[in-house]
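Open the model in your viewer and keep the selection tool at hand. The stops below say what to select and what to look for.

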Amino acid sequence: MGHWMARGQKSFLLVVENGYDSKGKRNRKTKTIKIEDPKILNSVRKREKYLSQQLLMFEMEVTSGEYISPEKTTFESFANEYKERILYKKFAHRTSEMHESHIKNYILPAIGHRRLDQIKTMHIVDFMDSLEKDGIRKDGKPGGLSSSTRYDIFKVIKAMFKVAVKQWKLIKVDPTEDLDPPSVETKEMQFYDSEAAKECIEALYQIDIMWRLYFLGAMIGGLRRAEGLAFEWHLDVDWDAGGFYVNRSIPKTIEGKPLIKDPKSKKSKRFVKMPDWYMEELEKYYKMWKKEKLRLGDAWEGGEHQYIFHSGKGKPYYYTTPTAKWSKFTKKYGLKKIRLHELRHTMVTLLIEAGANYRAIQERVGHASYRTTFDRYGHVTKKLADETAELFNNFDPKKRYGQ
């Protein structure tokens, strides 16, 4: 049951009675709207029709439980609704986890107690400044948060206020609207040059064939950690073409089960041609894999799946296992310390050294655009830089004119 009443020349109050709450108090929701169109405002018939429509829509919001009252709504209560209705529905699982962590650890302790409609731009400015101060980190390390973490937190709070203003219309002004995100310090990209890559490959031939093939897939094929984990023999290996189809990824393990997702972008779905010697090794491993599956019999835990890289009984590895394995491997064999993901950088760097076309590299690495590849890998290795500079020694006037 609802009604409306005038509150001013252009302002009207919508009122909806929706029974009683658990304490026996009348559940009464109100919403103020304004009519700016003079054609509606100055016509009794059009005005009443418009207000009746708005009231009906408001009643539907209230009775369905979708209406969130902005009056006295704290940022924390809004954040709870945001987590329930937006996170894990709009964003990927890992992104949603990152959002939820930043909301819990940093955003709510700072502004959760404030009324949503009373949060000003300076509150956000002060909050962002506080993230640079010593003692803010949850891991106990000295100093403030890194520039990349502060940038991520800013993106989270920006996304939340966008929902509050544009989607749910809880408030009219976005306090983050005119704020620039924190600048992110560019970290020097790590990779293996051709000599270090050869040293790494030699060490890989000292370990188990499965992990050797997995790591070589990253170094030579540019495979992301999650992409390699999702590979299955019958779905992704093309023996005739000599390579892999990248169609899925496992970015997360939830309650012991792999979260299987499509790749990051359409370009991430791709075919990766591998060298003949790699495919020969892969075929050798496939024969070993089939024998082991047959030996396990009823103990096989992979079901109908045929995961290439599995933990022993057919189930794919926990999503962080390759990272831990890589770290132990590089330490054991005294290799230059780079992250597992930086094996992708290694592949691109080696291709650049070899003079490969950037568009061909883009296709192999699975970037959404050629621009991404060029911007991210527009550097050259020291070896390539030295070779390029050496070309200009031919122009040395002392050599040309015998001076």
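Begin with the lining of the largest cavity, which by class has five nonpolar, one polar and two charged residues. The model is a predicted one. To see this lining, select Tyr214, Ala218, Leu223, Arg224, Arg225, Gly228, Phe309 and Leu340. Helix H8 (209–221) and helix H9 (225–229) are the elements that give two or more residues to the lining. The volume enclosed is about 50 Å³. How many cavities of 30 Å³ or more does the structure hold? It holds one.

Next, go to the sheet made by E1, E2 and E3. These three strands form an open sheet in the order E1-E2-E3, and their pairing is antiparallel. Select residues 2–6 for strand E1 and 26–34 for strand E3: these are the edge strands, and each pairs on one side only. From one strand to the next, the twist averages 20°. Now add residues 11–20, strand E2, which pairs with E1 over five bridges in the antiparallel sense. Which residue in E2 does Trp4 stand opposite? Select Leu14 in E2 together with Trp4 to see the two facing each other.

Move on to another open sheet, again of three strands, with the order E4-E5-E8 and antiparallel pairing. Its edges are strand E4 (237–238) and strand E8 (270–273); each has a single partner strand, so one side of each is left without a neighbour in the sheet. Select residues 243–246 to show strand E5, which runs antiparallel to E4 and is joined to E4 by two bridges. For one pair in detail, pick Val237 and its bridge partner in E5, Phe244.

Two loop residues come next. Select Tyr88, in the loop between helix H3 (75–85) and helix H4 (93–111). The phi of Tyr88 is near 65°, a positive value in a residue other than glycine. Is Tyr88 exposed or only partly exposed? Its relative accessibility is 37%, so Tyr88 counts as partly exposed, the range for that class lying between 20% and 50%.

For the last stop, select Glu255, in the loop between strand E6 (249–254) and strand E7 (257–261). Glu255 is not a glycine either, yet has a positive phi of about 50°. The relative accessible area of Glu255 is 78%. Exposed means over 50%, so Glu255 is exposed.

Conventions
Residues are numbered from 1 along each chain as its sequence is written. This is a predicted model: local features need pLDDT of at least 70, side-chain atom pairs count only at pLDDT 80 or more; totals for chains, interfaces and linings use all residues. Side-chain values use heavy atoms; hydrogens and water are left out. Two strands pair if DSSP finds at least two bridges between them. Helices (H or I, at least four residues) and strands (E, at least two) are DSSP runs, numbered from the N terminus. Axes are lines fitted to C-alpha atoms, for helices over the stretch in contact, and angles run from 0 to 180 degrees between N-to-C directions. Buried means under 20% relative accessible area, exposed over 50%, partly exposed in between (1.4 Å probe, protein chains only). On a 1 Å grid over the protein atoms alone, a cavity is a set of points where a 1.4 Å probe fits but cannot get out, and a pocket is an open set with protein on both sides within 12 Å along at least five of seven lines; lining residues have an atom within 4 Å of a point. Grid points are joined across faces, edges and corners, and a volume is the space filled by probe spheres set on the points. Ala, Val, Leu, Ile, Met, Phe, Trp, Tyr, Cys and Pro count as nonpolar, Asp, Glu, Lys and Arg as charged, and the others, Gly among them, as polar.
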